[in-house]
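Me: I have a model open beside its sequence, and I would like to learn how to read its features one at a time. Could we begin with a single charged side chain and work outwards from there?

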Amino acid sequence: MSASVLFDAPGPKARVRNRIYAVVGTLLILGLLAVSVVRLNDKGHLAPEMWDIFNYSGIRQNIADALLATLKAFGLAAVGSLVLGVVLAVARLSDHKPVRWVATGFIEVFRSLPLLITIYAVWVAFLTDYSMWALALGLSIYNGCVQAEVLRAGVNAVPRGQREAAYALGMSKTQVMTTVLLPQAIRAMLPTIISQLVVTLKDTSLGYMILYPELLYSAQLIASNTLVNGQYPYVSVIVVFGVIYIALCLALSALATWIEKRGRRARTGSAKGPADTPDSTKN
Amino acid sequence: MNVLLDHFPEFRDGFIGTVSITAVSSVIALVLGIVIAGFRVSPVPPLRFFGTAWVTLLRNTPLTLLFLVFFFVVPEILFPGMSPFVLASLALGFYTSSFVCEAVRSGISTVPLGQAEAARSLGMSFSQTLRLIVLPQATRTVLPPLSSIFIALTKNSAIAGAFSVTELFGWQTLMSEQGYAIAPVFLWVAIAYLVITFAISGLFRLLERTMEVAR
């Protein structure tokens, strides 16, 4: 544990003390958990019947449908937000002032508004009968603005020489953007882009508010429509759906970490190229 | 314009609701986040593990699901009859605490190694080093990310409106149910949120300026 800034490798006294803290801490945490479990058990929330509901094929079908609905909205929102992100980023970097202003204004407004407000407004105003499209559109607008800022940072982080070299080769502005700057920006920013996609995935749960039958909506529906032992099985339903959400998000985050690791390896591999140029110019 | 003039008391209540739920859950998030960050950097493995589990669980759960947990599970564990405002503030505060924790932890890692080493060589304990030497310095680097976390919290507070807490999203749904056109309603809600978020970023800019030191 010498990796931390804050403490040395513990001596005998500190080791004893740390062990005491460890035991006390563990007991406290386990105690809290035990109290929660006991209290929930007392009220019958952990009775086997509460968990049996997941054996019914109807409920399983509901969960599968809801998962599909969530993934559908997420897929649409992911594509929409990435497309909108690229468009807005390019517009913000445009040489034409009005284009830049419009893009900046759009991004600033929708980024600082609660997503739920936007989704609800889109739903009521345009797509009352198409809650999936309302959800996807609302998510795309908000996340598109965030992705645009991420991409813009990426484009600005591309070394100036790249752009200058491309112009020197006689490329047009569009060519420079699409073949030189954006690919490098997207590659550099891929981990951040995917983390934002995780946020998008979590935010599909806002579809609950506009009655889109995604995971959370059907969780609420199952819990409030099934009466077991005179009680609604909120605890078991929330545990099951929570696990589904966490698994989905962790899978996406793992993808981001994996890409980041791969990207780092690739960059060190290609660094050999530029590294030997200064030497050759010295001679 | 009519929407605002006809329903100004409701709008004002909604605005106050959003501001107060933001304030209360900010305090909860800040306190919890710093404590959990302390756990995550502590020399005691079970506490570190607890901190990691806390952050992983809360960061990968949709806030709406967390609201369900706080409205349907927590009252069963503690005691029934807690007000929606309290439950919503707790849900928001717990959710945001995981983000605060990560910001504080990355702030801690920007404090130069020598600072903690010097503190230790003076004979300071872990909690003294953290409290007197590292955290005050980490605070400065943590302020900008904290500002965006609290702005995100303000925006997330809209979800509370769907759980019968009086705030701005509730006003928006109420007005559209009463048949007002959504565009002006949206405009006024947007302006209200912009006022709050600008106030937060202004406050943090002020804090940054007062805490600024030459390094």
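Reply: Let us start with Arg152(A), which counts as partly exposed because its relative accessibility is 23%, a value that lies between the limits of 20% and 50%. Please keep in mind throughout that this is a predicted model.

Me: Which side chain does Arg152(A) meet in a salt bridge?

Reply: The general idea is that side chains of opposite charge can pair when their charged atoms come close. Here the partner is Glu149(A), with a distance of 3.3 Å from N to O. Both residues belong to helix H6 of chain A, which covers residues 131-157, and they are three residues apart, or about one turn of the helix.

Me: Does Glu149(A) count as buried or exposed?

Reply: Glu149(A) counts as buried, because its relative accessibility of 15% falls under the 20% limit. The pair therefore joins a buried Glu149(A) to a partly exposed Arg152(A).

Me: Where in chain B can I find Glu102(B) and Arg105(B), and how far apart are they in sequence?

Reply: Both are in helix H5 of chain B, residues 84-110, and because they are three residues apart there, about one helical turn separates them. They form a salt bridge in which the closest N and O atoms are 3.3 Å apart. Glu102(B) is buried, with a relative accessible area of 18%, whereas Arg105(B) is partly exposed at 30%. Returning to chain A, salt bridges that share partners join Arg92(A), Glu149(A) and Arg152(A) into one network.

Me: How should I read the salt bridge between Asp13(B) and Arg12(B)?

Reply: Read the distance together with the accessibility of each partner. The side chains of Asp13(B) and Arg12(B) meet at 4.0 Å, N to O; Asp13(B) counts as partly exposed because its relative accessibility is 38%, and Arg12(B) counts as partly exposed at 42%. Over all chains, the count comes to eight salt bridges.

Me: Now for a residue without charge: which residues does Val3(B) touch, leaving out those up to four places away in sequence?

Reply: For such a residue, one can look at its place in the chain, its cover and its neighbours. Val3(B) is found in helix H1 of chain B, residues 2-6, and it counts as buried because its relative accessibility is 3%. With those sequence neighbours left out, Val3(B) touches Trp171(B), Met175(B), Tyr180(B) and Val185(B). The C-alpha atoms of Val3(B) and Pro184(B) are separated by 7.3 Å, although these residues are 181 apart along the chain.

Me: What can be said about chain A as a whole, beginning with its helices and strands?

Reply: Chain A has twelve helices and zero strands. Its radius of gyration is 26 Å, while a compact globule of 283 residues would have one near 19 Å, and its C-alpha trace spans about 80 × 70 × 30 Å along the principal axes. Of the 283 residues, 42% count as buried. Among contacts in chain A with a separation of 6 or more, 71% come from residues 24 or more positions apart.

Me: How do I read the surface and the charges of chain A?

Reply: For the surface, take the exposed area together with the atoms that supply it: chain A exposes about 15,300 Å², of which carbon and sulfur atoms supply 65%. For the charges, compare their mean positions: those of the 25 positive and 15 negative charges of chain A are 9 Å apart.

Note on methods
Residues numbered from 1 in each chain as written. Chains lettered and ligands numbered in written order. Heavy atoms only, no water. Helix = DSSP H or I, 4+ residues; strand = E, 2+ residues; numbered from the N terminus. Rg over C-alpha atoms; globule rule 2.2 N^0.38 Å. Buried < 20%, exposed > 50% of the residue type's maximum accessible area, 1.4 Å probe, protein only. Contact = heavy atoms within 4.5 Å. Areas by Shrake-Rupley, 256 points an atom, 1.4 Å probe, with all protein chains shown as cover. Lys, Arg positive; Asp, Glu negative; His and termini not counted. Charge placed at Lys NZ, Arg CZ, Asp CG, Glu CD.
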